[in-house]
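Reader: I've got this model open on my screen and I'd like a close look at just one part of it, the open sheet. Could you walk me through how that sheet is put together and then set it in the whole protein?

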Amino acid sequence: MAALSAEHALDTVVEAARWAPSMHNTQPWRFSVSGEEISLRADSDRKLCVGDASGRELLISCGAALFTMRTAMRCEGFEPEVRTLPDPDRPSLVATLRPGREVQPDESIRALGGEIQRRRTHRAGFADLPVPDRVVERLVRAAMEEGAKLTPVRPPEAVRIIAALTQAAQGVQAQDQRFSLELIRWSQPPGSRRTDGVPARGYPQRVERTNPDFAQRDYSWRHDWGSQTDQRTATSVGVVALLTTRGDTRQEWIDAGQALQHILLHASAYGVSAAFHTQALEMGLLREFLRLELCSGEYPQMIMRLGVTFDDKDSVRRPLSDVRE
């Protein structure tokens, strides 16, 4: 009976992992099951070769999938046994996971598991409602539990600097044909049946500017695409936060991804959404400026805004047959 339970758990874990966040919803992962072990591999064919030449964002995405797997495994009643980067000769092998001892998932774990498919990325301003300090403090602890650091940016001047860096990076990338073509590759037109990339209904047709204004990716690429949700009251920046790690190794990129998903699932459980702004982190000089001037020497892995939104956004994921070997 225990063997059947473990087998069911493995299927559930892989199914859940598909719902992890990834840059432009590239879903850059593949899974295989051998016996009672799941292997998580990075799919280099889905790497952003222009915006993510180092593979940093790819491994952050895979780290988010790994945390999702760990959470789903605990919800199924098993403590996950995880090895990250277990084989130096197979750099695409991000991690392996096995069901360990049987455990009783507590309320917190069940709450995280319940948000795996509900969590959505936001791509606009937020409603003018505060994120309670106790929630922000819980998200800070969540990042710490995964070996990363989440720093809410409180000084208005620092928020303006991050917004300006985002705008600058967005402006430069918009003039670079390679960046633009890569973005177009992962943008869906209305009515598309693709199961990856950013669907037209996943961002507003017209975005109201926040103050200071955080530049948004132009997924519509000069078309009149996007949802027609009324955004006139969605002008709040929300809480700007920086996710950092002490080092900048492949292991720490995976740790950052696990911390990110831990943060996002907790936030979603409290009714808080996240918007991402990675443009400046995709340009070496701007990322280094952020590290030295605003991150106390730690390496910035994600820039995000946290806030409340009432948009009912949709998302797409590849079928299990596409991601499981």
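Author: One term before we start: a contact here means heavy atoms within 4.5 Å. Keep in mind, too, that this is a predicted model.

Okay, the sheet. Four strands make it up, it's open, and reading across you get the order 5-6-8-7, with antiparallel pairing. On the edges sit strand 5 (149-152) and strand 7 (273-276), and each of these pairs on one side only. The sheet isn't flat-on from strand to strand: neighbours are turned by 35° against each other on average, direction ignored.

Now zoom in on strands 6 and 8. Strand 6 covers residues 239-245 and strand 8 covers residues 299-307, and seven bridges join them in the antiparallel sense. If you want one pair to click on, take A241, whose bridge partner in strand 8 is M304. Helix 7 (residues 250-269) packs on this sheet and touches strand 5, strand 6, strand 7 and strand 8. The direction of helix 7 makes about 150° with that of strand 6.

Stepping back, the protein has nine helices and eight strands in total. Its radius of gyration is 19 Å, close to the 20 Å that the globule rule gives for 325 residues, so the protein is as compact as a globular protein of that length. Of those 325 residues, 55% are buried. And here's where contacts come back in: among contacts with a separation of 6 or more, 76% are between residues 24 or more positions apart.

How values were computed:
Residues are numbered from 1 along each chain as its sequence is written. This is a predicted model: local features need pLDDT of at least 70, side-chain atom pairs count only at pLDDT 80 or more; totals for chains, interfaces and linings use all residues. Side-chain values use heavy atoms; hydrogens and water are left out. Two strands pair if DSSP finds at least two bridges between them. Helices (H or I, at least four residues) and strands (E, at least two) are DSSP runs, numbered from the N terminus. Axes are lines fitted to C-alpha atoms, for helices over the stretch in contact, and angles run from 0 to 180 degrees between N-to-C directions. The radius of gyration is taken over C-alpha atoms; the globule rule is 2.2 Å times the number of residues to the power 0.38. Buried means under 20% relative accessible area, exposed over 50%, partly exposed in between (1.4 Å probe, protein chains only).
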